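Reader: I'd love a close look at how one part of this model is packed, told as one connected story. Could you pick a good place to begin and lead me through it?

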Amino acid sequence: MPSAVRSMAGVTTLANLASAISVRAEEASIIAELKAGSEDAYAWLIAHYHQPVYGLVYRILNDPADAADTTQEVFLKVFRGIKRFHGEASLKTWIYRIAIHEASNQRRWWFRHKRRETTMEAELADGEGQSLALKDTLVDEHESPFDCAAHEEIRSKVEEELSHVQEPYRTAVVLRDIEGLSYEEISEILQISLGTVKSRLMRGRFALKQRLEAYARHVERDLGLKIPNAQVASLEVRSE
């Protein structure tokens, strides 16, 4: 490798390291303020993490009201537990771990107590919740009105079918393909090995692909469209 290239690579590595150190130092400062009860730090935490946590919880529960209640519970657990947080993982990883734990508990409760309840109000709320989640993650502002409506239908279908992918594979797909987390972050959040992360992700993507195959053929044949090449909407089972 030429010395100039080696030098540039070294500079890049040092820059990345410096950036990582800076981020960790900033996070340590915020954590210290949270532990001290700073209202500004709590306001920052909610502003920074509320929407990502809600989106994650919503995709596990598929109910906007339950997702909102569970998100509140997540932040209560964060506020109560911050003094016991010692930086074993990043703040984001720790918060996401709490969110998945609370959502999973709520989901188990739902299957035990609420599964038989079906009301028109719940159905309407679910539809509104889907629109909110999709708008915040997958909308394309540069589409024509027709394309926007057609692609919104596709996105809704993808989200609907994703909600039927069996756990724990769905959570792996959500964390990687929607939240954009690294394998290492997912491994920390779920407390599983990297191999298990990749296995769950592959199975989740394959399950989603199977559920969407017939719909994809319909969309391409009748509307002349293709499933968007966004991460979660991709029908290709990737091996990363």
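Author: Happily! One term is needed at the outset: a crossing is called right-handed if the near helix is turned clockwise from the far one by less than a right angle, and left-handed if it is turned anticlockwise. Please also keep in mind that this is a predicted model.

Let me set the scene before zooming in. The protein chain contains 9 helices and 0 strands, so its elements read α-α-α-α-α-α-α-α-α from the N terminus on. Of its 240 residues, 37% are buried. Among contacts between residues at least 6 apart in sequence, 67% link residues at least 24 apart.

The part I suggest is helix 2, together with its partners. Helix 2 covers residues 39-61 and helix 3 covers residues 64-81; the two pack at an angle of about 135°, with 9 Å between their axes. That angle makes helix 2 oblique to helix 3. The crossing of helix 2 past helix 3 is right-handed. On the helix 2 side, the contact is made by Tyr-42, Leu-45, Ile-46, Tyr-49, His-50, Val-53, Tyr-54, Val-57, Tyr-58 and Leu-61. Helix 3 answers with Pro-64, Asp-66, Ala-67, Ala-68, Thr-70, Thr-71, Val-74, Phe-75, Val-78 and Phe-79. By character, the residues of this contact split into 16 nonpolar, 3 polar and 1 charged.

In the loop that joins helix 2 to helix 3 you will find Asn-62. Its phi is near 60°, which is positive in a residue other than glycine. Asn-62 has a relative accessible area of 24% and is therefore partly exposed.

Now pick one residue from the helix 3 side and look around it. Val-74 lies in helix 3, and its relative accessibility of 0% means that Val-74 counts as buried. Beyond its neighbours within four places in sequence, Val-74 touches Val-53, Ile-95, Ile-98, Ala-99 and Glu-102. One of these, Val-53, is part of the helix 2 contact. Another, Glu-102, is 28 residues away from Val-74 in sequence, yet their C-alpha atoms are 6.6 Å apart.

Helix 2 has a further partner in helix 7. Their axes come within 10 Å of each other and cross at roughly 150°, and here too helix 2 passes in a right-handed crossing. From helix 2, the residues involved are Leu-56, Arg-59 and Ile-60; from helix 7, they are Arg-170, Thr-171, Val-174, Leu-175 and Ile-178. This contact is made up of 5 nonpolar, 1 polar and 2 charged residues.

How many residues of helix 7 are buried? The count is 10 of the 10, across residues 169-178, so helix 7 is largely enclosed by the rest of the structure. They are Tyr-169, Arg-170, Thr-171, Ala-172, Val-173, Val-174, Leu-175, Arg-176, Asp-177 and Ile-178. The list of buried residues includes Arg-170, Arg-176 and Asp-177, and all three count as charged.

The surroundings of helix 7 in the chain are worth a glance as well. Pro-168 sits in the loop between helix 6 (145-162) and helix 7, and the peptide bond leading from Glu-167 into Pro-168 is cis, with omega near 5°. After helix 7 comes Gly-180, with a positive phi near 70°.

From there the trail leads to helix 8. Helix 7 and helix 8 pack at about 135°, their axes 10 Å apart, which means that helix 7 is oblique to helix 8. Helix 7 passes helix 8 in a right-handed crossing. Thr-171, Ala-172, Leu-175 and Arg-176 of helix 7 meet Tyr-183, Ile-186 and Leu-190 of helix 8, giving 5 nonpolar, 1 polar and 1 charged residue in the contact. Thr-171 and Leu-175 of helix 7 thus take part in the contacts with both helix 2 and helix 8.

Past helix 8 (183-190), Gln-191 lies in the loop leading to helix 9 (194-222). It has a positive phi of about 55° although it is not a glycine, and at 61% relative accessibility Gln-191 counts as exposed.

A last word on confidence. The protein chain averages a pLDDT of 74, and 63% of its residues score at least 70. Over residues 1-9 the pLDDT stays under 50, with 1 contact beyond four places in sequence. Residues 228-239 also stay under 50, with 25 such contacts. Where pLDDT is low, predicted coordinates should not be read in detail.

Terms used
Residues numbered from 1 in each chain as written. Predicted model: local features only at pLDDT ≥ 70, side-chain atom pairs only at ≥ 80, totals over all residues. Heavy atoms only, no water. Axes fitted to C-alpha atoms, helices over the stretch in contact; angles between N-to-C directions. Helix = DSSP H or I, 4+ residues; strand = E, 2+ residues; numbered from the N terminus. Parallel < 35°, antiparallel > 145°, perpendicular 65-115°, else oblique. Contact = heavy atoms within 4.5 Å. pLDDT = per-residue confidence, 0-100. Buried < 20%, exposed > 50% of the residue type's maximum accessible area, 1.4 Å probe, protein only.
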